[in-house]
Amino acid sequence: MSALPLIVHLDADAFFVSCELALQPALRGKRCAVGGRERGIIASANYEARAGGVYTPMPTAQALKLCPDLILLPPTRGLYSEISRQLFDLCETLTPCVQRHSIDEGFLDLGPCGFTALAEIEKSVRALQQRIVQQLGVTVSFGLATNKLVAAIASKAFKPRGFTLVSPGTEADFLAPFKINVIPGIGKITEARLNQAGLRLVKDIIALPTLELQRLFGNAAPAILALARGEDTEPVEVLQAAAQSYSTQETFPQDIGNFSQIEQVTKRMIDELMPKIRADDKKSKTLTIKIRYSGMEDNSTSRSLTEASDLESSFYPFVTALLKAVWTKRRPLRLVSVRFSGIEHPSHQLEIFKEVDAKKRRLAGVLDQLNSRGPQPIVRSGHQLAPQPKRPGDTDHGCAGGGR
Ligand SMILES: [Mg+2]
């Protein structure tokens, strides 16, 4: 066991509503919640609203009845994933070892930071906590411990603005007074069954005679006992080589000066990359087009969507404008390249938004499947061209991973 609490769990406080209040600070201190009137569910409630009995997920109608002064805020598209990205980017200024667990929760491993004293760790994590609130306007609770299990329980133990440090060697004592449902794997049904057997708190599990423990948990008994003692060896998992961009390029056998031909080639490259982005369960925000004139002179320009997308149709409208902006000399081109960056995970999106593009995405998925079956691509919008023969020695395209 490490002599220092090098594992940190962070959990943003009432994240969605905090993001909204970062945009509308005048509403701070009032009872606020994010939720849809149409969907009728509270997605996030601030602590003032919680004090009024509002919780998530609660039907909006019930929340308004309970709390007539509740200010109901509609979710802002793209806001939460953007603030989440900035939140984890700030964490990565402290350590490169950051596991983004959900939109507002993550683990940090401070192992690579070279800390030798507890005071250094505390100072650095408190500084990060301050930076987050100053730069993003949202508050985050931190738990520090020697492992992920205890750190995650610690961050949730005291909220909001929590900072809970579990000293090495005190993990079992720290967990002892918690309800048994803090132990991973003990869900509602198991909890009810264990309550009936007289087990309510973690310390009740520790106190069980071995035979009784085995009767209740069977083969899982040793694992449950270890967890109850706060023992955990799960590593902080950083996604290796998560793709930061997707790109492809085409070098023409003969330089091309025809605008609509270049436009078609560009759209075809979008068609080529987007299925890869979808297959990786990612979305992109930014499209960059680069051109090269025959004298090896390059020019590039880019444009971003307000919300990341994994649909070809979101980026097609940019193509003409980007080409006009970048291809100023109108001399024939030797090469065109397309790059998608601003890569995001759709799982970081709020559930409410997922419905919106579901239909289009299903269609795109069907096309991907069809295209993967045969050599002949299914035409999407009439801009498929026969592939250009390659110049010898030219590299064609590649999917650039972040690790490369
Ligand atoms: Mg949270």
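In what order do the strands of the open sheet of 5 strands come? Reading across, the order is β5-β6-β1-β7-β8, and the pairing is mixed. The edge strands are β5 and β8 (163-165), each of which pairs on one side only. On average, neighbouring strands here are turned by 15° against each other, direction ignored.

Before going on, a word about what you're looking at. This is a predicted model, where local features need pLDDT of at least 70 and side-chain atom pairs count only at pLDDT 80 or more, while totals for chains, interfaces and linings use all residues. Residues are numbered from 1 along each chain as its sequence is written. Helices (H or I, at least four residues) and strands (E, at least two) are DSSP runs, numbered from the N terminus. Counted like that, the chain has 15 helices and 12 strands.

Now walk through the sheet. Strands of a sheet pair through backbone hydrogen bonds, either parallel or antiparallel. Two strands pair if DSSP finds at least two bridges between them. Start with β5 (residues 98-102): 4 bridges join this strand to β6, and the two run antiparallel. A hairpin with 2 residues links β5 to β6, and Gln99 has Phe107 in β6 as its bridge partner. Next door, β6 (residues 105-109) pairs with β1 (residues 7-12) in the antiparallel sense over 5 bridges. On the other side, β1 and β7 (residues 140-145) are also antiparallel, over 6 bridges. Ile7 is a handy landmark: this residue stands opposite Asp109 in β6 and opposite Ala145 in β7.

Helices come into the picture too. Helix α5 packs on this sheet, touching β1, β7 and β8, and its direction makes about 165° with that of β7. Axes are lines fitted to C-alpha atoms, for helices over the stretch in contact, and angles run from 0 to 180 degrees between N-to-C directions. α5 (residues 118-136) also has a helix partner, α4 (residues 79-91): their axes come within 10 Å and cross at roughly 150°. Which residues meet there? Ile83, Gln86, Leu87, Leu90 and Cys91 in α4 meet Leu128, Arg131, Ile132, Gln135 and Leu136 in α5, where contact means that C-beta atoms, placed from the backbone, lie within 7 Å.

Further along the chain, look at β10 (residues 284-293). This strand is joined by 8 bridges to β11 (residues 298-309), running antiparallel, and by 8 bridges to β12 (residues 333-341), again antiparallel. Leu287 stands opposite Arg303 in β11 and opposite Phe340 in β12.

Helix α12 (residues 259-279) lets you try a little check. At 1.5 Å a residue, its 21 residues should span 30 Å (the expected span is 1.5 Å times one less than the number of residues), and the end C-alpha atoms are 31 Å apart, which agrees. Among the buried residues of α12 are Ile262, Val265, Met269, Leu273 and Ile277. A residue is buried if 20 or more other C-beta atoms lie within 10 Å of its own, exposed if 12 or fewer, and partly exposed in between, with C-beta atoms placed from the backbone. The cover over the buried residues of α12 includes β9 (246-256), β10, α13 (312-326) and β12. After α12 comes Asp281, with a positive phi near 60°.

Finally, step back to the whole chain: of its 404 residues, 32% count as buried.

Methods:
Contact = placed C-beta atoms within 7 Å.
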